[in-house]
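Reader: Hi, can you walk me through this one? I'd like to start with an odd spot in the backbone.

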Amino acid sequence: MKKYCIDLKVNSVERLSEKHVLLRLSSPDGLPEMLPGQFVEVRVDDSPSTFLRRPISINNVDEEAGELWLLVATIGDGTRRLGRLCAGDTLNCLLPLGNGFTMPSSPSDKVLLVGGGVGVAPLLYFGRKIREMGGEPTFLLGARTGSELLELEMFRAVGRVLVTTEDGSLGEQGFVTNHSALQSEHFDFISTCGPKPMMVSVARYAKSHGIECEVSLENLMACGLGACLCCVENTVEGNVCVCKEGPVLNIRKLKWQL
């Protein structure tokens with residue numbers, strides 16, 4: 001896909017939690033086509049300590065409003081600066097980057113989308129696209145506590161939502177791989193994004209049950225174009241740049257201890 005380096009207008013900045021903000025961006029010239037699972041590289045201005053762009057998953061593309069949504073975890077100087085943006089500001093973005101999720105082959109396929117923490121971000125747009133093709137995705141979302149679960153109502157508007165929290169404050173207590181649905185239901189395909197230990201556990205479950213599974217890797221991606229070699233992952237096909245060959249990869253290509 002063709003890549004663009006464009007200035008996007010900040011339409012709104014919504015604080016979802018103490019550490020997370022939702023940026024809604026638009027362009028007067030319209031947005032290019034973007035696929036679920038792809039990401040953008042954002043330039044952070046006025047931050048002396050931030051020299052490189054920041055990779056951020058595409059959370060949603062609202063075609064009707066002409067908006068791109070980015071869910072940002074404000075954990076460093078650069079992302080904290082993004083969290084202080086205001087409506088009317090400009091954000092320079094390189095997009096769309098990487099390869100996205102594989103769409104189901106049929107609307108009847110039972111697809112499970114598993115997310116943890118800010119890793120839930122790319123699953124919203126993916127679920128929307130599955131819904132638009134006539135499918136009904138199941139989301140399995142996990143967090144340490146209920147207050148850290150992000151965009152729950154937006155996910156519920158798209159599909160069925162299952163929840164786990166480590167402290168039991170919402171949904172079932174435990175990790176996502178402890179949810180009872182994984183023992184009582186069958187799924188045809190699983191896609192997951194979040195902390196690596198969580199994705200490894202989900203991948204092990206998928207392999208042990210003979211289920212095709214894709215993971216969205218979160219390796220450090222500095223350039224987004226496969227030039228800087230920061231995000232190299234060792235796969236069964238050799239070393240690949242996650243920003244170019246991924247970030248979404250089938251677990252069959254990974255050398256994880258499954």
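Author: Sure. P247 sits in the loop between α6 (242-245) and β15. Keep in mind that this is a predicted model.

Reader: What kind of peptide bond runs from G246 to P247?

Author: A cis one, with omega near 5 degrees. In general, most peptide bonds are trans.

Reader: Which residues does the other cis bond I spotted in β6 join?

Author: L95 and P96, with omega about -15 degrees. P96 is in strand β6, residues 90-97.

Reader: OK, new topic. What is the strand order in the open sheet?

Author: The order is β10-β9-β8-β7-β11-β12-β15. That makes seven strands, with mixed pairing. The edges are β10 (172-173) and β15 (248-250), and each pairs on one side only.

Reader: How many bridges join β7 to β8?

Author: Five, and the two strands run parallel. G115 stands opposite L141 in β8.

Reader: Which strands does helix α2 lie across?

Author: β7, β8 and β11. Helix α2 covers residues 121-132 and runs at about 165 degrees to β7. Helix α5 (196-208) lies across β7, β11 and β12. Its angle to β11 is about 170 degrees.

Reader: Back to the backbone. What is the phi of E151?

Author: Positive, about 60 degrees, although E151 is not a glycine. Most residues other than glycine have a negative phi. E151 lies in the loop between β8 and α3.

Reader: Is E151 buried or exposed?

Author: Buried, because its relative accessibility is 8% and the cut-off is under 20%. L229 also has a positive phi, about 65 degrees, but L229 is exposed at 56%.

Notes. Residues numbered from 1 in each chain as written. Predicted model: local features only at pLDDT ≥ 70, side-chain atom pairs only at ≥ 80, totals over all residues. Heavy atoms only, no water. Pairing = 2+ DSSP bridges. Helix = DSSP H or I, 4+ residues; strand = E, 2+ residues; numbered from the N terminus. Contact = heavy atoms within 4.5 Å. Axes fitted to C-alpha atoms, helices over the stretch in contact; angles between N-to-C directions. Buried < 20%, exposed > 50% of the residue type's maximum accessible area, 1.4 Å probe, protein only.
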